[in-house]
Amino acid sequence: MGIQKPAWLEALYTEKFFAGCSFHETAKKNEKNICCLDCCISICPHCLPSHRFHRLLQIRRYVYHDVVRLEDLQKLIDCSNVQAYTINSAKVVFIKKRPQNRQFKGSGNYCTSCDRSLQEPYIHCSLGCKVDYVLKFKKDLSPYLKTCQSLQLSPDFLVPLSDMGDEEITSDQTNPHSTIVDLDDPMSSSSSSGSETMSMTMHMAYMHHDVVRKKRSGLNYASLCGRSAHKVSDEDMATSMISRRKRIPHRSPLC
């Protein structure tokens, strides 16, 4: 019975990824881009709370085909001789076959199942091509399977905020620098009174600084207001007004 494929491998072939999740039709980012290897179904990011203790494999999209990271897939099955491609500095492997019709074959490497041109020394263009090749010629897939007890999503996977726990949402909405004050606590009342005193002191200092700044900027106006308050004479007023006028410029004598 070694010819049988494991259930999770069948799920990779048969499940439809990047389709809308029927359980979260109204939610945003509800594309099913995760394969639960324990339930053998495709799920969306909003389904993660129900599968957080299961083995999860992220499915990516490349050139309209489903791919998985080589680092994750190697934990499940031997991926030697399967050509990998680089996406965002990460190596990925195609899941399904990509048939390519060729009337004439030239020299070089070609896939054992798809006749697709490959680089040296690869002979399979996808995981499906290697599985079919092993089952056809070696009749047993079990030597290539690996035991994997735990498989989590990569750190760059974005989980929707609505799927976070209540405690995490509460901590995000509240101000991390805020402090809850108990009015019955004497220490809190003293600290609150001290904060009020400090705020009043800062307010008075600001008002004093504002008054000094205004005095410096409007010194002539303040002096005139002070003189008018003491009933300055007409002579003093005329003298102050003359001093504020612009002086007549002196011209150089004509030769």
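## Strand 5 and its partners

Strand 5 and strand 7 pair over three bridges, and the pairing is antiparallel. Strand 7 covers residues 90-94. One of the matched pairs is Val68 with Val93, the latter in strand 7. This is a predicted model, so every feature here comes from a prediction.

Strand 5 also pairs with strand 4, which spans residues 60-62. Again there are three bridges, and again the two run antiparallel. Here Arg60 has Val67 of strand 5 as its bridge partner. Strand 4 and strand 5 form a hairpin with two residues between the strands. In that hairpin, Val63 takes a positive phi near 55 degrees.

How much of strand 5 is covered? Strand 5 runs over residues 65-69, and four of its five residues are buried.

## The chain as a whole

Step back to the full chain. Its secondary structure comes to seven helices and nine strands. The chain has 255 residues, and 31% of them are buried. The accessible surface is about 18,800 Å². Carbon and sulfur atoms account for 54% of that surface.

Contacts also link distant parts of the sequence. Take the contacts between residues at least 6 apart in sequence: 50% of them join residues at least 24 apart.

## An open sheet of three strands

Three strands form an open sheet. Their order is 2-1-3, and the pairing is antiparallel. Strand 2 and strand 3 stand at the edges. Each has a single partner strand, so one side of each lacks a neighbour in the sheet. Neighbouring strands of this sheet are turned by 30 degrees against each other on average, direction ignored.

Look at strand 1, residues 34-36. Strand 1 pairs with strand 2 over three bridges, in the antiparallel sense. In one of these matches, Ile34 has Ile43 of strand 2 as its bridge partner. In a regular strand, side chains alternate between the two faces of the sheet.

## The loop between strand 2 and strand 3

Strand 2 covers residues 41-43, and strand 3 covers residues 56-58. Cys44 lies in the loop between them. Is Cys44 buried or exposed? Cys44 is buried, because its relative accessible area is 0%, and buried means under 20%. Leaving aside residues up to four places away in sequence, Cys44 touches Cys21, His24, Asn30, Glu31, Lys32 and Ile34. Cys44 and Val159 are 115 residues apart in sequence. In space, their C-alpha atoms are 9.8 Å apart.

His46 lies in that loop between strand 2 and strand 3 too. His46 is buried, with a relative accessible area of 10%. What lies 2.6 Å from a polar atom of the His46 side chain? It is the backbone oxygen of Lys28.

## Helix 3 and its cover

Helix 3 spans residues 127-137. Its buried residues are Leu127, Gly128, Cys129, Lys130, Val131, Val134 and Leu135. An α-helix has 3.6 residues a turn, so residues three or four places apart point the same way.

Which elements help to cover the buried residues of helix 3? The cover includes helix 1 (7-14), helix 2 (70-73) and strand 7. Strand 7 is also the strand that pairs with strand 5. Just after helix 3 comes Lys139, with a positive phi of about 65 degrees.

Terms used
Residues are numbered from 1 along each chain as its sequence is written. This is a predicted model: local features need pLDDT of at least 70, side-chain atom pairs count only at pLDDT 80 or more; totals for chains, interfaces and linings use all residues. Side-chain values use heavy atoms; hydrogens and water are left out. Buried means under 20% relative accessible area, exposed over 50%, partly exposed in between (1.4 Å probe, protein chains only). Contact means heavy atoms within 4.5 Å. Accessible areas come from the Shrake-Rupley method with a 1.4 Å probe; for residues, only the protein chains shown count as cover. Two strands pair if DSSP finds at least two bridges between them. Axes are lines fitted to C-alpha atoms, for helices over the stretch in contact, and angles run from 0 to 180 degrees between N-to-C directions. A polar contact is a pair of N or O atoms within 3.5 Å; within protein, one must be able to donate a hydrogen and the other to accept it, and residues adjacent in sequence count only if both atoms are side-chain atoms.
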